[in-house]
Amino acid sequence: MAGDQVKIFDTTLRDGEQAPGCSMTLREKLRVAKALADLQVDIIEAGFPAASPGDFDAVQAIAEENRGPIICGLARCNPEDIQKVHDAVKGAEKHRIHVFVATSAIHREHKLKMAKEEIIRSAVGAVKMARELCDDVEFSPEDASRTELAYLADVVTAAIEAGATTVNIPDTVGYTVPAEFDRLFHYLCDKVPGIDDITLSVHCHDDLGMAVANSLAAVAAGARQIECTINGIGERAGNCSLEEVVMALKTRAEFFDLATGVDSTRLYPTSRLVSGITGMHVPRNKAIVGENAFAHEAGIHQHGMLQHHSTYEIMRPDDVGISRSNLVLGKHSGRHAFRDRVRELGFDLDEFEINRAFQEFKKLADMKKDMYDGDIEALIMNVDSASGGPWIMQSLHFESGTQEDASATIVLLDESGKAQTVAATASGPVEASFSALEQATGVSLELRNFELRSATAGDDAQGEATVTVEYQGQSYRGQGTSIDIVEAASRAYLEVINRILRRRERRGDPAPVASDINRASI
Ligand code: KIV
Ligand code: ZN
C-alpha cells in the first residue's frame with residue numbers, strides 16, 4: 001500500500017490552453033473540466049481571469065458547475081488580477097487563488113525591471129491580499145529553476161510568512177535536469193522555515209523532454225503536488241504529462257511509495273477528449289495513451305505475451321481505460337447502449353444532443369460495418385461543432401480528375417434554415433471546396449497546415465482532417481470527420497469559419513459580406 005498522497009493539479013485549461021492553436025470555446029472548456037472532475041484530479045486550474053472577459057466567464061462557469069476538485073485561477077501580483085480571480089472562483093465548492101511573479105535574474109532584469117527586494121515586496125503583498133479573500137493561496141516564483149538558490153529560499157520564506165498554503169516551484173523554460181532539481185528541492189527543504197507546514201509543488205515544462213522525470217525527482221525530494229496537463233499540452237514543447245506522471249507513480253509504487261487520487265481508468269477517454277477538442281493529435285508512440293502504447297508487433301514479443309502478459313507489459317490497457325477490443329457498437333445497437341458508451345468516453349450530452357448524435361450514428365452505421373470508439377468520438381465532435389452554427393453544411397458535391405481542374409458545389413444552411421448554394425473551381429477538390437466555403441460565408445482564411453489521418457482502423461475508416469489557419473493575425477485549428485476525406489476537410493474548414501463568426505458576434509463586430517468575386521450561385 002502506498003504511503004503519502006500526491007495532489008494532482010491539472011492546468012490543461014490554463015497553461016495547456018495557452019499553447020498555440022489549443023484555445024477552446026466555453027462549451028469545450030466546460031466539457032474538459034467535467035472530464036477532469038470525473039478523473040478525480042485534486043485541483044483544476046481553470047484559467048487566467050484577468051487575461052480576457054472570455055477567460056473570466058469560463059473560470060466562473062467552471063467554478064459553478066463542478067463539484068469535487070478545488071477550482072483555481074491564476075493572477076499576477078496585482079490587486080486587479082487577484083480580485084478578478086476571487087470573483088471568478090468564489091462560486092466553487094472549494095477554491096484557490098494562485099499568484100505568481102518571476103524571480104530569476106534574466107526575468108528581473110529584462111522583463112520586470114525590478115530589484116530583488118521589490119519582487120519580494122510584491123509577492124508578499126499579493127499573497128496577503130489573496131489570503132484576505134481566500135484560505136487557500138498558492139504562490140509561484142516563475143523561472144524558479146534559473147533563480148539564485150539563496151534568493152529563491154528568501155522569496156519562498158517570505159511567501160510562506162505572508163500566508164501561502166502551497167508554494168510551487170516552476171521550471172518555466174524546461175531547463176533543469178532531475179539531479180539538479182533534486183538538489184534544489186532538498187536545499188529549499190533545508191533552508192526555508194515553515195516549509196513542512198505548506199504543500200510544496202512542482203511545475204515543469206518539457207523543452208528538453210524531461211518534464212515528467214523532473215517532476216518525479218521533485219516528489220522524490222519532498223514535493224506533494226504535481227502540476228501537469230492532459231497529453232502534456234502547453235507552451236512550446238508542453239508541460240508535464242498528467243497521464244505519464246500518474247502512471248509512473250502507480251506502476252512504480254514500490255519505488256515512490258506515493259499515491260494519487262486519480263481514477264486511472266479515465267485517463268484514455270480524457271486524453272481522447274482533449275486531443276479531439278484541441279486538434280492536437282497524440283503521437284502513436286506516446287507513452288500511456290498513444291495508439292501503439294500497448295501494441296506488440298515483434299514475433300518474439302507476441303510469443304512472450306501469449307505465455308504471460310507481464311513478459312512485455314508493465315501496465316494493463318484496462319488500467320488506463322483502453323479496452324483491448326474497442327469494437328463497440330453496430331447498426332443494431334440501441335439508443336441506451338449508444339448513450340452509455342458516449343458517457344464512458346467522457347462526453348456529457350443532454351437529451352437533444354444525444355438524439356442528434358444517435359441519428360448520425362445510425363446513418364454512419366449503415367455505411368460502415370465496424371464502429372469503434374474513435375468513430376463515436378469523431379461523430380460527437382462533428383455534431384458538436386455543427387450545432388454551434390451559424391452555418392451548417394447540407395451537402396457537398398465535387399468532381400476532379402488527374403487531367404482537369406476540380407470543382408466543388410456546396411449547399412450551406414444559414415441560421416434561419418435558408419439554403420445558399422456556391423460553386424468554385426481550383427486545382428484540387430479540397431481547395432475548390434475551401435474556396436466555395438469562403439465565398440459563401442465571406443470569411444477568407446490563410447491555410448497554414450492541413451493534416452489528414454484515419455480516425456479508426458479498417459478500409460472503411462473515417463478520415464479525420466485538421467486544418468490550422470490564420471485569420472487577422474490569430475491562429476485557429478478546426479477538425480472534421482467523414483468517410484469522405486474532402487467532406488472531412490470541408491467540415492474542418494467550416495468549423496473554423498463558424499467559430500470566427502461566433503466570436504465576431506459576441507464582440508459585436510459587423511457581419512462579413514459574402515464576396516461576389518468568382519461566385520457562381522446556382
Ligand atoms: O511555467 C510557469 O512558470 C507557469 C507559472 C505561472 C506557474 O506557468
Ligand atoms: Zn507553466
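Helices, in the sense used here, are DSSP runs of H or I with at least four residues, while strands are runs of E with at least two, and both are numbered from the N terminus. With that in mind, one can say that lysine 113 of this predicted model is placed in the loop between the helices α5 (105-112) and α6 (116-133). The phi angle of lysine 113 is near 50°, which is a positive value in a residue other than glycine. Because its relative accessible area is 63%, lysine 113 counts as exposed.

A second residue of this kind is glutamine 40, whose phi is near 70°, again a positive value in a residue other than glycine. Glutamine 40 belongs to the loop between α2 and β3, and with a relative accessible area of 44% this residue is partly exposed.

From these loops we can turn to the metal site. Which protein residues act as donors to the zinc ion (ligand 2)? They are Asp15, through OD, together with His203 and His205, each through NE2, and they lie 2.0 to 2.1 Å from the ion. Along the chain, the donors of the zinc ion follow the spacing D-x187-H-x1-H. Aspartate 15 and histidine 205 thus link distant parts of the chain, since aspartate 15 sits in helix α1 (residues 12-16), whereas histidine 205 sits in the loop between β8 (199-204) and α9 (211-220), and the two are 190 residues apart. Aspartate 15 and histidine 205 are both buried.

Two of the zinc donors also have a part in the surroundings of the other ligand. An oxygen atom of ligand 1 is 3.2 Å from an N or O atom in the side chain of aspartate 15, and an oxygen atom of ligand 1 is 3.1 Å from an N or O atom in the side chain of histidine 203. Arginine 14 joins them, with a polar side-chain atom that lies 2.9 Å from an oxygen atom of ligand 1. Taken on its own, ligand 1 has 260 Å² of accessible area, and the protein covers 94% of this.

The residues that surround ligand 1 include Arg14, Asp15, His98, Phe100, Ser140, Glu142, Asn168 and Pro170, and also Thr172, His203 and His205. Sorted by class, this shell has two nonpolar, six polar and three charged residues. Where in the fold do these residues come from? At least two residues of the shell are supplied by each of α1, β5 (95-102), β6 (137-142) and β7 (166-171).

Arginine 14 leads onward to glutamate 45, because the side chains of these two residues are joined by a polar contact of 2.9 Å. Glutamate 45 lies in strand β3 (residues 43-47). Is glutamate 45 buried or exposed? Its relative accessible area is 0%, and therefore glutamate 45 is buried. Leaving aside neighbours within four places in sequence, the residues in contact with glutamate 45 include Phe9, Asp10, Thr11, Leu13 and Arg14, and further along the chain Cys72, Gly73, Leu74 and His98.

Another glutamate, glutamate 17, is found in the loop between α1 and α2 (26-39). Because its relative accessibility is 13%, glutamate 17 counts as buried. When residues up to four places away in sequence are not counted, glutamate 17 touches residues including Cys22, Ser23, Met24 and Lys29.

The helix α9, which follows the loop that holds histidine 205, is largely enclosed by the rest of the structure, because eight of its 10 residues are buried. Among these buried residues are Ala211, Val212, Asn214 and Leu216. Just after α9, glycine 222 takes a positive phi of about 125°.

Two further residues can be followed in later helices. Proline 269 has its place in helix α12 (residues 267-278), and because its relative accessible area is 7%, proline 269 is buried. Beyond the neighbours within four places in sequence, proline 269 is in contact with Val320, Gly321, Glu344 and Leu345. Isoleucine 485, by contrast, is placed in helix α18 (residues 485-507), and at 45% relative accessibility this residue counts as partly exposed. Not counting residues up to four places away in sequence, isoleucine 485 touches Leu452 and Gly463. Between isoleucine 485 and leucine 242 there are 33 Å in space, C-alpha to C-alpha, and the two are 243 residues apart in sequence.

How values were computed. Residues are numbered from 1 along each chain as its sequence is written. Chains are lettered from A and ligands numbered from 1 in the order in which they are written. This is a predicted model: local features need pLDDT of at least 70, side-chain atom pairs count only at pLDDT 80 or more; totals for chains, interfaces and linings use all residues. Side-chain values use heavy atoms; hydrogens and water are left out. Donors are N, O and S atoms within 2.8 Å of the metal (3.2 Å for Na, K and Ca); water is not among the atoms, so sites may look incomplete. Buried means under 20% relative accessible area, exposed over 50%, partly exposed in between (1.4 Å probe, protein chains only). A residue is near a molecule or strand if one of its heavy atoms lies within 4 Å of it. A polar contact is a pair of N or O atoms within 3.5 Å; within protein, one must be able to donate a hydrogen and the other to accept it, and residues adjacent in sequence count only if both atoms are side-chain atoms. Accessible areas come from the Shrake-Rupley method with a 1.4 Å probe; for residues, only the protein chains shown count as cover. Ala, Val, Leu, Ile, Met, Phe, Trp, Tyr, Cys and Pro count as nonpolar, Asp, Glu, Lys and Arg as charged, and the others, Gly among them, as polar. Contact means heavy atoms within 4.5 Å.
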